[in-house]
Every structure is written in C-alpha cells, then in structure tokens.
Amino acid sequence: MADDLYKGEIDGFPIDYETIEDSFEKAIAKYEYPYRDGADLEDMGQKAHVIKIRCYFFNETYLDHIELINLLEENKPAELIHPKYGLIKGSIESMIVRHDERELTAEVDITFVENLRGYTEPEAYYDVQEATEEAYQQGQDELMDEYANDVIDALGIEAYDILGKELDSTKGVLEQFNNISLKARDYIKQVDTYVRTLEGTLTEIANPANSLIATINYGVNLPGRVIGAIARTIERYAILYDSLRTAPTRFLSSLKTGLLVLEHSTDKFSKHTKIASAQRHALETAYFYKSDEAIRVKVKRAGLQRSFDVLGAYIKPGNPGQVMTINELELTLGDVRTSLQESIDVSRQMESLKTMALTLLTTVNTIKLEREKIITVSVDNELPLHILCLQYGLPYNDAERIMSINNIKNPNFTRGEINIYAG
C-alpha cells in the first residue's frame, strides 16, 4: 500500500494519501412539457469539484492525524496538492477518521471542495531527490559506456576482447589479462594503478551498505570495475564531510574542493573523475534541497500553531531546522551547474548530466516562485522582527521564514527595506 501513496500537502501539512474519487458534475436545468417526449436542457455550468482522498498515518506519523483534524478550526480557504491537477484551492468539507491505537494506524477520509476555477490542466510534480537519484543511476550506465568508448579509441579492435572479459573483483586488474599486446598491457597497467589508487583512498571510511551506490549493478567487466571504484571513492569523500551537513553551502563547497584535488591527481583518467564528481555533487545538492523543502513545510506549519494551550500554558515550539536562504540556494545552484556544465563540455552525449542540471534549476525556481507572494515594506525605526510580523498580520512564528528571504544581521534591530510574505 505504501508504495502506491502520493506525497502531498494540505495547507503545508505533509500527507501520504490516495485519491478515492474526483467528482465533476454539471448543473443541467431540465424543462419538460405536457404531451411532449423528452426535455429541453440548459447547461448552467459546472457544480463544485469534489475530491475525496484517504490519508494514512502509521507508526511514527500516527499522532500527526490529530494536527490534520485541527485544520478544521481555521475558517479560511485551504490548499491541496493534487497528484494530477497540481495546486487546488478550496475548503475541507468533512473528515472521517478510523484509527487503531494497537496498530498505531489511522485512516482519514477527507472531502475537499474546490473553489471557483477555470480550465484544468495536468501539472507534473516530482521529488527532486527521486528525480536526481534516477538521473544519477542512468548517469552511471552512461559513464561506463563513455569509458568503454575511450578504451576502444585507445586500443582499437583489441579493446573488444578486453572489454568482454569478466574480472574477479578480489584481484588486481593487470594480473587478470594475459596474451595482450604491449600497447594494451601498458594501458591496462595505468588502469590498474588508477583503480588501486582509488580503492586505497580513504580506506578508513566504509561505504554504507544501504546507499544508492550499493543498489547499482556495475557488472564484472573493465568499465564496471573502473567506474564502480570511482563512485565508491567519491562517496567516501562525501561521508568525510558529514560533520558539515548542518551548513549546506560549506559542505558542498568543501566536497567540490576535495573532489577537484582527486580529479587533478588522476592524470589520464581525470575526465571520468570529473564527470563522476559532478554527478555526486548534483546528488548531494538534491539531498539538501529535499531536506530544505521539508524544513520549509515545518516552519510554515509552526507559524500556524498556537503559542498557548487552553489553560494558558506556553507551548514551546519545536526546532524544525534552519532553511536555506535565497542567496544560499542560488550560490549552491550556480556551483553545481558549473560542475555539470564542465562535464557536459567533455561528454556531450551524457543526457543524465543535462537532466540533473534541469531538475535542480526547476527546484530552485519553484521555491523562488514564492517571491510572487512577497511584498517589500520600509521600516524607518529599528524594531524586532517579531513585532514587524504582528504589524502586518503575520504570526510572529513567521520570523524564521522572513529571515530566509532577507539579509538581516540582527532580528532584534530590523530596519530598512524588508521583504515579508503577503498575508
């Protein structure tokens, strides 16, 4: 069941759901006359678009269904992310809850009524992490093909026998080739040195057994041995900088610098190291964008939560994390697209590199679309950012979101031109 669920939102609240039905009805006026068969029909337009969905909450998300029910207390329009039609604005008409505390499972059936609308167009929504991982896996196959073509260019017809040989991963590359020309032996010797260098780099760091790399089948031939070694080494470089993951810009910059040093040390095989490094750079960037998207949703939800319970006790807000600012998004996007473009320049036929670049660009542009809901206000006298939020009818919890779209050094002394979200 879980594999068939859509990832969506209602007013920024993340849900796993399936669509039960979409109801499209027309208001037809029927005029019937005595002694006459049939009726005159008059089309009065469409009735309200009714959407029925079923949300699932289980295990660690079980208690979240209570927060979903609390959305009914808000007397304002709601927003639903539909898997086929995109963003739909309307209202929640009803909720039906079925839950089993023993199984820690809850099902919530929601009837959502769309507000006035026009022509419906399908809209594609994709997960930046999922799309980039798919392109990364495709890119590994393309990189193995790229390397095989380079072997053919270097050795000619003899390369086909070399590429078709099955290799033992527990042995060195050179020792497994006999009866080859001196030219081929010299080339394989360089490959053997390259692979041994990669496999001996950062050996104190273990490659995770459940990582994306572990799911890719590199095969048992020479291209698989070489590209697999590159991918695993670069993965270890990413793990090396794990302590910097709380600062995405710094992590990605350090990773890029480390991989650049690796690329320059690989001499004749720097092309393949460059491409593999750009692929990993894009993958890590997608992970940060996915995480940032989740934090943005939590921060937005935090702004809708009460600060005091019914007894007047203060409810300490959770810490959803720090969202990436627009400057950080643009900086990381520029860096990764530069890496991808440099790789495209040396391998134009690798479509996965272009797919990664487009995916990351689309993600950042989607985030920046919220700028349409942003207005600029002028603050002449210094005041706390929380007070500014209250002045413009925003919950003070929105201060974190406003910080992410401004360059405010001290939120207690806000002054000048400030961007805020339109209420």
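Here are some exercises with worked solutions on a predicted model.

**Exercise 1. Follow the strands**

Work out how β1, β2, β5 and β8 are linked to one another by bridges.

*Solution.*

Step 1. Start with β1 (residues 6-10) and β2 (residues 13-23): they pair in the antiparallel sense, with five bridges between them. For one such bridge, look at K7, whose partner in β2 is D16.

Step 2. Now check the connection. Two residues sit between β1 and β2, and the strands form a hairpin. In its turn you'll find D11, with a positive phi of about 55 degrees.

Step 3. Move on from β2. Seven bridges pair this strand with β5 (residues 50-58), again in the antiparallel sense. Here T19 has I53 of β5 as its bridge partner.

Step 4. Stay with I53, since this residue also stands opposite I110 in β8. The strands β5 and β8 (residues 105-114) are antiparallel too, with nine bridges.

Step 5. Put it together: β1 pairs with β2, β2 with β5, and β5 with β8.

**Exercise 2. Another hairpin**

Find out how many residues lie between β6 and β7, and which residue stands opposite E79.

*Solution.*

Step 1. Locate β6 at residues 78-82; four of its five residues are buried, so call this strand mostly covered.

Step 2. Look at its partner, β7 (residues 86-100). The two run antiparallel and are joined by five bridges.

Step 3. Pick out E79, and you'll see K89 of β7 opposite.

Step 4. Count the residues in the connection: there are three between β6 and β7, which form a hairpin.

**Exercise 3. One helix, two sides**

Check the span of helix α6, then decide where its buried residues lie.

*Solution.*

Step 1. Helix α6 covers residues 248-264, which is 17 residues. At 1.5 Å a residue they should span 24 Å, and the end C-alpha atoms are indeed 24 Å apart, so the two values agree.

Step 2. List the buried residues of α6: P248, F251, L252, L255, G258, L259, L262 and E263.

Step 3. Look down the axis of α6. The buried residues fall within an arc of 145 degrees, so they line one face of the helix.

Step 4. Turn to the other side of α6, where R250, V261 and H264 are exposed.

**Exercise 4. Into the core**

Say which residues touch the most other members of the largest nonpolar core, and what L222 is in contact with.

*Solution.*

Step 1. This core has 83 residues, and those touching the most other members are Y147, V191, L222 and V226.

Step 2. Zoom in on L222 and skip its neighbours within four places in sequence. That leaves contacts with Y147, I162, K165, L167, V173, I188 and V191.

Step 3. There's another core apart from this one, with 20 residues, including L68, I92, M95 and A106.

Step 4. Here's the general idea: in soluble globular proteins, nonpolar side chains tend to be buried together.

**Exercise 5. Buried or exposed?**

Sort C55, C389, D292, P384, Y35 and D267 into buried, partly exposed and exposed.

*Solution.*

Step 1. Get the cut-offs straight: under 20% relative accessible area is buried, over 50% is exposed, and in between is partly exposed.

Step 2. Try the two cysteines. C55 has 0% relative accessibility, so it is buried. C389, at 1%, counts as buried as well. Looking for disulfides? The structure holds zero.

Step 3. Take D292, a residue of helix α7 (residues 270-302). Its relative accessibility is 3%, so D292 is buried. Leaving out neighbours within four places in sequence, D292 is in contact with V323, M324, L329 and I367.

Step 4. Next comes P384, in the loop between β9 and α10. A relative accessible area of 32% makes P384 partly exposed. Not counting residues up to four places away in sequence, P384 touches P411, N412 and T414.

Step 5. Y35 sits in the loop between β3 and β4, and counts as exposed at 89% relative accessibility. Y35 also has a positive phi of about 60 degrees, although it is not a glycine.

Step 6. Finish with D267, in the loop between α6 and α7. At 60% relative accessibility, D267 is exposed. Its phi is positive too, near 50 degrees, and D267 is a residue other than glycine.

Technical notes
Residues numbered from 1 in each chain as written. Predicted model: local features only at pLDDT ≥ 70, side-chain atom pairs only at ≥ 80, totals over all residues. Heavy atoms only, no water. Core = buried A, V, L, I, M, F, W, Y, C linked by side-chain atoms within 4.5 Å. Buried < 20%, exposed > 50% of the residue type's maximum accessible area, 1.4 Å probe, protein only. Contact = heavy atoms within 4.5 Å. Pairing = 2+ DSSP bridges. Expected span 1.5 Å × (residues − 1). Arc of directions from axis to C-beta. Disulfide = S-S within 2.5 Å.
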